[in-house]
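This report goes through the parts of one structure in turn. Please look at the sequence and the model before reading on.

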Amino acid sequence: MSIAESLFKKAAWYHTFMPRIVDVEVTRACNLKCIGCPRATEQSIAYRGELKHLDPTMLGRILEAIPTVRLVNFIGDGEPLFNPHFNYLVSDLHLKGIKLMFTTNGTLVKQSDVDCWAMYDNAIRSVTVSLDSLRPDKFEQLRPGASYQRVMSTLAMLREARIPTRINMVLVKENENEIEDFINYFSHTDSEGTSSDVNFTHPIFAQGSDLEGKPYTRASVTPAFRRCLYPFAWPYITLEGDVYACCYMVGGNRQEWFMGEAIDVPNDNYRMGNIYQQDFRDIWYSMMYRALRWQIKRTEHLGDRQTSIGTLGDMRRHLDDYRFAYCTVCLYRWGCSC
Ligand SMILES: C[S@@+](CC[C@H](N)C(=O)[O-])C[C@H]1O[C@@H](n2cnc3c(N)ncnc32)[C@H](O)[C@@H]1O
Ligand code: SF4
Ligand code: SF4
């Protein structure tokens with residue numbers, strides 16, 4: 001994070017500016033069936049509505065509605081490169097002087113795509129490539145349908161084009177012994193002077209016990225509280241134009257597993273508004289957004305900034321029924337998920 005960004009985030013906590021960053025859902029289609037992906041549950045946003053892909057008109061309307069945006073993050077339960085308009089979207093953003101970041105499974109990227117992105121000097125802030133193992137057989141077992149060699153050659157193309165890359169590794173029991181290998185492999189600087197940051201992600205388990213999948217849910221782990229700035233700085237917009245405060249609030253009645261126990265995420269009333277039907281300012285400064293921000297601030301100093309797995313589990317079991325009660329126990333806020 002740059003100094004300017006970190007200053008903006010600090011200021012945003014005290015004064016709600018219009019957003020400079022926005023998460024935009026880019027597609028609901030995918031070519032893989034990764035184990036653990038939210039797509040594996042029917043409640044995934046991937047199965048909502050008729051729309052499948054973001055197109056340039058939809059993106060244009062979003063950017064018109066939020067003229068302060070300088071960085072777009074393409075997001076969703078799908079593969080961005082599956083969107084047939086993808087390179088048009090990249091070029092549109094470039095023409096408007098807005099930077100882009102996105103996460104890809106790396107299996108559909110062609111040399112011609114990378115050449116096109118490289119042509120738009122600095123338009124791509126970063127490309128995150130999902131890589132769950134450095135062992136081809138393990139990788140292909142965790143990401144059925146993907147070819148390890150193909151993903152590694154995508155990374156090589158990106159690095160050669162000097163497009164900043166990051167690696168997202170979802171930590172599960174099958175790959176927990178590879179953390180050091182990832183650090184060694186990606187901190188190595190190649191002949192172009194390029195290396196990649198690695199983001200080790202705690203997975204969210206929506207369709208099976210986390211005790212069976214996650215390596216670090218043992219009672220000895222101490223959840224550590226971190227500040228959530230999404231409602232203050234960074235909205236999420238779906239293909240339909242619905243606005244949510246964060247990706248946790250987008251899924252419908254999703255269940256989350258924590259220490260072998262499923263809890264319902266009470267999120268059927270988290271839609272903040274619709275950017276195609278309302279003025280975005282009215283949504284961003286609405287009573288509902290204000291109530292959420294108040295709730296986040298109110299629960300900022302509940303006590304210790306660390307708790308035990310047991311206490312967090314108890315808090316999750318006894319959720320109050322006011323609208324944003326979930327924020328108090330959100331796994332993101334407690335450092336237990338991405
Ligand atoms: C849902 S994918 C969408 C982008 C693209 N299809 C991909 O795989 O990179 C976004 C990120 O979520 C990660 N992911 C998958 N399952 C997850 C889970 N259960 N919890 C947290 N992150 C997960 C993926 O590894 C990927 O880096
Ligand atoms: S490629 Fe991405 S969206 Fe598709 S199944 Fe895998 S994690 Fe999910
Ligand atoms: S605390 Fe969690 S659920 Fe609440 S806004 Fe932040 S990320 Fe979303």
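## The surroundings of ligand 3

Helix H9 (230-233) and helix H13 (326-329) each contribute at least two residues to the shell around ligand 3 in this predicted model. The residues around ligand 3 include Tyr230 and Pro231, and H9 covers 230-233. Tyr326 and Cys327 are also among the residues around ligand 3, and H13 covers 326-329.

The other residues around ligand 3 are Cys228, Ala245, Cys246, Tyr248, Met249, Cys330, Tyr332 and Arg333. By class, this shell has 11 nonpolar residues, no polar ones and one charged residue.

## The surroundings of ligand 2

Ligand 2 has around it Cys30, Leu32, Lys33, Cys34 and Cys37, together with Arg39, Asp77, Gly78, Glu79 and Asn105. Sorted by class, the shell of ligand 2 holds four nonpolar, two polar and four charged residues.

## The surroundings of ligand 1

Ligand 1 is surrounded by 16 residues. The closest of them are Glu79, Asn105, Ser130, Asn168 and Pro203. Glu79 and Asn105 also appear in the list of residues around ligand 2.

Two strands take part in the shell of ligand 1: strand S3 (99-104) and strand S5 (165-170) each supply at least two residues. The classes in this shell come to seven nonpolar, seven polar and two charged residues.

## A pair of helices

Two packed helices are described by the angle between their axes and the distance between the axes. For helix H2 (residues 56-65) and helix H3 (residues 86-95), the axes come within 10 Å and cross at roughly 30 degrees. Angles under 35 degrees count as roughly parallel, so H2 is roughly parallel to H3.

The crossing of H2 past H3 is right-handed. On the side of H2, the contact is made by Pro56, Leu59 and Gly60, and on the side of H3 by Tyr88, Leu89 and Asp92. Of the residues in the contact of H2 with H3, four are nonpolar, one is polar and one is charged.

## The chain as a whole

The secondary structure of the protein chain amounts to 13 helices and 11 strands. For 338 residues the globule rule gives 20 Å, and the radius of gyration of the protein chain is 20 Å, so the chain is as compact as a globular protein of that length.

Measuring out the C-alpha trace along its principal axes gives a span of about 50 × 45 × 40 Å for the protein chain.

How values were computed. Residues numbered from 1 in each chain as written. Chains lettered and ligands numbered in written order. Predicted model: local features only at pLDDT ≥ 70, side-chain atom pairs only at ≥ 80, totals over all residues. Axes fitted to C-alpha atoms, helices over the stretch in contact; angles between N-to-C directions. Helix = DSSP H or I, 4+ residues; strand = E, 2+ residues; numbered from the N terminus. Parallel < 35°, antiparallel > 145°, perpendicular 65-115°, else oblique. Left-handed = near helix turned anticlockwise from the far one by under 90°. Contact = placed C-beta atoms within 7 Å. Nonpolar A, V, L, I, M, F, W, Y, C, P; charged D, E, K, R; others polar. Near = placed C-beta within 6 Å. Rg over C-alpha atoms; globule rule 2.2 N^0.38 Å.
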